[in-house]
Amino acid sequence: SSHWRSQHGTQFGPPLALPVAVCRHVHPRRNLHVVNVVVPIGLFSHMAARVGELCGDDEPVALDLSMGLFNTSASFCYLLVLDISGQRLHSEQLNFLTGCTKLEKLDASHCGLTTLPQLWASLVSLVVLFLHHNHFKTWEDVESVLEAPLEWLTFFMSPIACQSSFRSFVLQRKPNILAIDQWAVTDGERVPSAQSSTRFAAGGESTLLSVSPPRRRSCEELLAESVEERRTLHRKSAWCSAAVSIEVCWRGFQSRKRTAALRKARAQRIVHVQRVARAFLWRQRMRAYTRDYLAEIDELDLLLSSKEIERINAAKVIARAARSWMSWRLEQRRHRLATGLFLRIAKGFLARRCLMYDVLSLRQWQKLYFPVEHSWEFLVLCNVMRRTHRLEPLPLNHSFESCDVLGVVIAEVDEVQLYNSCLLSVRNYAKHVVLRRYGCRNEHPWGGPLHHVVDTAPPSIDTAYKKLRRYTRVTEVDREAFARSCSRTHPIDACEGGEGPSLLWESFLATDWASVRKPSETVQEFMFEAQRLGGRPRRAPVRTTESHRDATWLSRRMLCYTCPSARFVVDLLALMLDFARSYQVLPLVKPVPVLPEKCVREAAAATMFQATFRAHRARCSLGCGLHTALVFRRAALCIQRVWRWGLLKRRMELLAGAFRNVRAVGTPTLY
């Protein structure tokens, strides 16, 4: 070639009779022609056009140009493997690779390259790139190469590859790469903090990969070598990866498990087939034996004909189908009955719930009223329901809202008949209570409304009323003592509880009450909530009325609680009704008499109407005016006081005279 170059120069292309060997082969996977080009040194200035003429419309898949110079702008869009190793090249001469979008392997080793062009992002299929035995010195060249989807990159025997941080630099920018230079990437390099064994350590003998030196190869050898290199690369990478090893073990375990299950199922099927076959053979033998036996005894008439056998088999099939159909009909009927029962129960529940909402006006009024002495039991049951509705429970020191209603007559729950219906039980209990409202509490320290007589009377009655009112037996000292006994707190709002929990109730909670009493579910919830909440406060002892503050007449103090929703009101009423039926197993506990707000309003209104009507009827029954009757009443009281005081005065005078006589005795002589 040097002789030809000296005669013809470099300005002229090679002659038409170029000693080039072009071999056509069919790629086994892609149905494409594989071209192996073997060219002498220095005859590659116009090689691309010549290869195009030789190949025609077919594009080569593998090219071995390891002995030539390829500096043309022609491209091979179907090229898979390209070997240009062993030649002195410049970075500009590699620009023809821009069109090789399907290139998978490129061997540019031993080419004396110092820099690399910026074209690697266009090689979207490049996975193997050999650039060893070159003169790369900058990190920019390495970083530009990493733009391709590489699996194996070689830079050894280059100045940049001698740096200790070369592998870490490549791994930092290409974490998914499988091999760098002649060693596969292990988990110890990807995760430096992980403790790796010899098998998974970096730079071990098991991670070593072989790189073939530049040599001339045929197209079959070039493709086979590329496939074998990638297969070896993946096998070495999987062998050096702990994650892949775990995955392989897991897949092997699952495969063995499936194989064992398949073998077991196969054995069961074989046994079933054998059982069926043996049963069939036994029936055949028994039929032949029966036929021979009946022929010997001359009783062949006992054998059934084929038509009779078919009729019997058909009858069995029909009976089996009829039984199956009947069972299906019964199952459908049970489903219909269950569906109807469920719908009826659901509709009844919704109807009762809506009826309670409408009758008790729960969407408008959501308060519950109860006596003050049952506040602890109400608090426990309220917390049970609040936990059911996923609400925060109330603390033990929670103060319920005081209301302007007094319980004149509050019947015990066990004294009233309870129904299965919550609404009927509440309405029936509301008939056994008498409530009244009290107002104008803030006008005087002792509370109570002011009463005025609006009747007109003669002047003599007015004069008598003023005199009787002025000369009553109430003095200023009595008035002052009465005012001191009153406070700004109404007597009905006075605290009735003692300090500290009840000792008897605490001792009962400490016992194993669940195993002894065998309570219901509602009582169990009550006791568990009572244990979480704490003991019931000690009740104050009953004392005599010492002042106006301790006097509560015939009324009982009532408290109220505003429920968060109407559903909460209904559920709490049902819980208290259930507790009233099963509270007998608990000592010191009584059911809570509770009323919704509408029933309280109706009962208070009825009491007000009755009091007003009775007062009107009493005034109508008087023979005189109200003012005159009041004067007569006060006059009678004054006369009674005077008369009773006169009797007491005479008795006191008698006792005083006897005392004086006793004091007058001066001698011990008795006559």
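Is Y289 buried or exposed? That's a handy place to start with this predicted model, and the rest of the note works outward from there.

1. **Y289 and its surroundings.** Y289 counts as exposed, because its relative accessibility is 54% and the cut-off for exposed is over 50%. You'll find this tyrosine in helix α7, which covers residues 242–296. Y289 also helps make a nonpolar surface patch of about 540 Å². The other contributors to that patch are W282, M286, Y293 and I297.

2. **M356, for contrast.** Have a look at M356 in helix α8 (residues 306–359). M356 counts as buried, because its relative accessibility is 6% and buried means under 20%. Setting aside neighbours within four places in sequence, M356 is in contact with S361, L362, C422, L423, V570 and L573. Take L423 from that list: M356 and L423 are 67 residues apart along the chain, yet their C-alpha atoms are separated by 6.4 Å.

3. **Aromatic pairs.** The structure has 13 aromatic pairs. One of them joins F370 and F378, with 4.1 Å centre to centre and 15° between the planes. The pair counts as stacked, because the planes are under 30 degrees apart. Both of these phenylalanines are buried.

4. **The cluster around that pair.** Which residues join F370 and F378 in one aromatic cluster? They are F400, Y561 and F568. If you're clicking through the model, colour these five rings together, with the stacked F370 and F378 as your starting point.

5. **Arginines over tryptophans.** Two spots are worth a look here. R601 lies over the face of W365, at 4.6 Å from the ring centre. Over at W643, the charged end of R650 sits over the ring, 5.9 Å from its centre.

6. **The whole protein.** Zooming out, the protein has 18 helices and 16 strands. Of its 671 residues, 34% are buried, with M356, F370 and F378 among them. The accessible surface comes to about 42,700 Å², and carbon and sulfur atoms account for 58% of that.

7. **Contacts along the chain.** How much of the contact total comes from residues 24 or more positions apart? Counting contacts with a separation of 6 or more, such residues account for 66%. The contact between M356 and L423 is one to keep in mind here, with the two positions 67 residues apart along the chain.

How values were computed: Residues numbered from 1 in each chain as written. Predicted model: local features only at pLDDT ≥ 70, side-chain atom pairs only at ≥ 80, totals over all residues. Heavy atoms only, no water. Phe/Tyr/Trp six-rings, centres within 6.5 Å; stacked < 30°, edge-to-face > 60°. Buried < 20%, exposed > 50% of the residue type's maximum accessible area, 1.4 Å probe, protein only. Lys NZ or Arg CZ within 6 Å of the ring centre and 35° of its normal. Patch = residues over 30% accessible without salt bridge, like charges linked within 9 Å, V, L, I, M, F, W, Y side chains within 5 Å. Areas by Shrake-Rupley, 256 points an atom, 1.4 Å probe, with all protein chains shown as cover. Salt bridge = Lys/Arg side-chain N within 4 Å of Asp/Glu carboxyl O. Helix = DSSP H or I, 4+ residues; strand = E, 2+ residues; numbered from the N terminus. Contact = heavy atoms within 4.5 Å.
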